[in-house]
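Trainee: I would like a close look at a single part of this model. Please take one buried or exposed site and work through its surroundings, then go on to a few others.

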Amino acid sequence: MPVLFLLFILIPIVEITVLINVGQTIGTWYTVGLVLLSAFIGVNMLRYQGLSTLARAQQRISSGEMPAQEMVEGLVLAVGGALLITPGFVTDFIGFCCLIPITRQAFVKGLMKRFKVVSMSKQQPFGQNDAFDESKFDQKPPFKDPSKPPRQGDIIDGEFRRDD
């Protein structure tokens, strides 16, 4: 918790210092223009990368796989978008790093490793002491064969329409 508090104190101080130095070097209006331009470019990149990640996640879901990497990428994209909207050059740099696919994948790999370590060190709920098994997320769900009739006791509720 103290680390988060320090970040909320240090980041604005660093941003203000950088903005003042850039403003003194290239001028106030050019600095404001650069901040607005970086926010505009960042929002457009965020939209493109977000739609791309969403399409990959839908593709993995339709093939019956768990889109764990795409979910973490979505989280990194959301953080990057928030940093790009925040005025300043340091947060814009970090935000663009979250949007560029190469650096974003490095962030995702680091986060996935961190989550695996945390999940393996915690006990499962209800007193189960089994280790976290990530292979369960890559398995396809057990879909029933639609050509076979339902077993005794299965209830299917729905509507049917035949289009010839």
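Mentor: What follows starts with one glutamate and then turns to two cysteines, a surface patch and a valine.

This is a predicted model, in which local features need pLDDT of at least 70 and side-chain atom pairs count only at pLDDT 80 or more, while totals for chains, interfaces and linings use all residues. Residues are numbered from 1 along each chain as its sequence is written, and side-chain values use heavy atoms, with hydrogens and water left out.

E73 lies in helix α3; helices here are DSSP runs of H or I with at least four residues, numbered from the N terminus. With a relative accessibility of 2%, E73 is buried. Buried means under 20% relative accessible area, exposed over 50%, and partly exposed in between, with a 1.4 Å probe and protein chains only. The E73 side chain has a polar contact with the side chain of R104, at 3.5 Å. A polar contact is a pair of N or O atoms within 3.5 Å; within protein, one must be able to donate a hydrogen and the other to accept it, and residues adjacent in sequence count only if both atoms are side-chain atoms. Apart from neighbours within four places in sequence, E73 is in contact (heavy atoms within 4.5 Å) with T53, R56, R104, Q105 and V108.

V79 is also placed in helix α3, which covers residues 68–85. V79 is partly exposed, at 42% relative accessible area. Between V79 and G95 there are 7.3 Å in space, C-alpha to C-alpha, with the two 16 residues apart in sequence.

Next, the cysteines. C97 is buried at 15% relative accessible area, and C98 is buried at 5%. The sulfur of C97 has its closest cysteine sulfur in C98, 7.1 Å away, so the pair is too far apart for a bond. A disulfide is a pair of cysteine sulfur atoms within 2.5 Å, and the count of disulfides is zero.

Last, the surface. I26, Y30, L34, L37, F40 and I41 make a nonpolar patch of about 610 Å². Such a patch joins nonpolar side chains (Val, Leu, Ile, Met, Phe, Trp, Tyr) within 5 Å, from residues with over 30% relative accessible area and no salt bridge; a salt bridge is a side-chain nitrogen of Lys or Arg within 4 Å of a carboxyl oxygen of Asp or Glu. Helix α2, residues 28–62, gives the largest share of the patch, five residues. L34 is in helix α2 and is partly exposed, at 38% relative accessible area.

Technical notes:
Patches are made of residues with over 30% relative accessible area and no salt bridge: like charges are joined within 9 Å, nonpolar side chains (Val, Leu, Ile, Met, Phe, Trp, Tyr) within 5 Å. Accessible areas come from the Shrake-Rupley method with a 1.4 Å probe; for residues, only the protein chains shown count as cover. Helices (H or I, at least four residues) and strands (E, at least two) are DSSP runs, numbered from the N terminus.
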